[in-house]
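Fire up your viewer and grab a coffee. Here are a few exercises to work through, each with its solution.

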Amino acid sequence: MTLAAIMPAQMSAPRRPALRYYGSKWCGLFVEYQARMAYASLELPCPLRDEDWLAGAKNWLAMGKRNGWLVTHPQPGDVAVVTYNGTDADHVCVVRSVAGGMIETVDGNSLSQVRVNRRELSPKNFVGFVR
């Protein structure tokens with residue numbers, strides 16, 4: 001079962017203090033927590049491995065490539081890998097909706113909080129989507 005199939009539209013805040021785990025970069029930990037909780041709520045085995053250390057966007061992108069989970073057309077529940085310069089993996093978030101060339105996401109560590117954001121669906125904003 002894919003991440004997109006099980007990730008809930010409404011995210012909950014992580015119960016562990018992510019800043020304690022990875023300095024100020026906790027977007028990946030937020031996404032990992034959401035995925036693990038979604039799989040657990042459905043009593044399904046989670047395909048995420050502890051050794052992947054998914055705190056950062058680069059790790060999410062590498063894991064997606066390694067497992068063949070990268071897609072180009074996002075859908076709700078996918079993990080979006082955001083770029084700020086058009087090439088590097090800088091941030092990850094969960095796709096909430098896709099419509100009219102825009103993606104709405106739920107982001108951990110967006111201005112140091114959990115927020116809903118909207119971005120244009122464009123290579124200048126995303127380097128990939130993990131499903």
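The exercises below go from the sheet to its helices, then to side-chain pairs and one loop residue, and keep in mind that this is a predicted model.

**Exercise 1. Work out the strand order of the sheet, and find which strands stand at the edges.**

Step 1: Walk across the sheet. You get an open arrangement of six strands, in the order β1-β6-β2-β3-β4-β5, with antiparallel pairing.

Step 2: Look at the ends of that order. β1 (70-71) and β5 (113-120) each have a single partner strand, so one side of each has no neighbour in the sheet.

Step 3: Check how β1 is attached. Two bridges join β1 to β6 (residues 126-130), and the two strands run antiparallel. In this pairing, Val71 sits opposite Phe129 in β6.

**Exercise 2. Say which helices pack on the sheet, and which strands they touch.**

Step 1: Take helix α3 (residues 27-41). Helix α3 packs on the sheet and touches β2 (79-82), β3, β4 and β5, with its direction at about 60° to that of β3.

Step 2: Now helix α4 (residues 57-67). Helix α4 also packs on the sheet, touching β1, β2, β3 and β6, and its direction makes about 55° with that of β6.

**Exercise 3. Are the residues on the two faces of β2 buried or exposed?**

Step 1: Sort the side chains by face. Val79 and Val81 are on one side, Ala80 and Val82 on the other.

Step 2: Apply the cut-off, where buried means under 20% relative accessible area. All four pass, so both faces of β2 are covered.

Step 3: Add the neighbours. β2 pairs with β3 in the antiparallel sense over four bridges, and with β6 in the antiparallel sense over four bridges as well. Ala80 stands opposite Cys93 in β3, while Val79 stands opposite Val130 in β6.

**Exercise 4. Find the aromatic pair and classify its geometry.**

Step 1: The search turns up one aromatic pair. The partners are Phe126 and Phe129, 5.1 Å centre to centre with 35° between the planes.

Step 2: Planes under 30 degrees apart would be stacked and over 60 edge-to-face, so this pair comes out as tilted.

Step 3: Both Phe126 and Phe129 are buried.

**Exercise 5. How many salt bridges are there, and which parts of the chain do the Arg36 and Arg131 pairs link?**

Step 1: The count is six salt bridges.

Step 2: Arg36 meets Asp50 at 3.0 Å, N to O. That pair links distant parts of the chain, with Arg36 in helix α3 and Asp50 in the loop between α3 and α4, 14 residues apart. Arg36 is partly exposed at 23% relative accessibility, whereas Asp50 is exposed at 62%.

Step 3: Arg131 pairs with Asp78, the closest N and O atoms being 2.9 Å apart. Arg131 lies in the segment after β6 and Asp78 in the loop between β1 and β2, so the pair ties together parts 53 residues apart in sequence. Asp78 is buried, at 0% relative accessibility.

Step 4: Look for shared partners. Salt bridges join Glu32, Arg36 and Asp50 into one network.

**Exercise 6. Where does Gly101 lie, and what does Gly101 touch?**

Step 1: Gly101 lies in the loop between β3 (91-99) and β4 (102-110).

Step 2: Leaving out residues up to four places away in sequence, Gly101 touches Arg119, Glu120 and Leu121.

Step 3: With a relative accessible area of 39%, Gly101 is partly exposed.

Terms used:
Residues numbered from 1 in each chain as written. Predicted model: local features only at pLDDT ≥ 70, side-chain atom pairs only at ≥ 80, totals over all residues. Heavy atoms only, no water. Buried < 20%, exposed > 50% of the residue type's maximum accessible area, 1.4 Å probe, protein only. Contact = heavy atoms within 4.5 Å. Pairing = 2+ DSSP bridges. Axes fitted to C-alpha atoms, helices over the stretch in contact; angles between N-to-C directions. Phe/Tyr/Trp six-rings, centres within 6.5 Å; stacked < 30°, edge-to-face > 60°. Salt bridge = Lys/Arg side-chain N within 4 Å of Asp/Glu carboxyl O.
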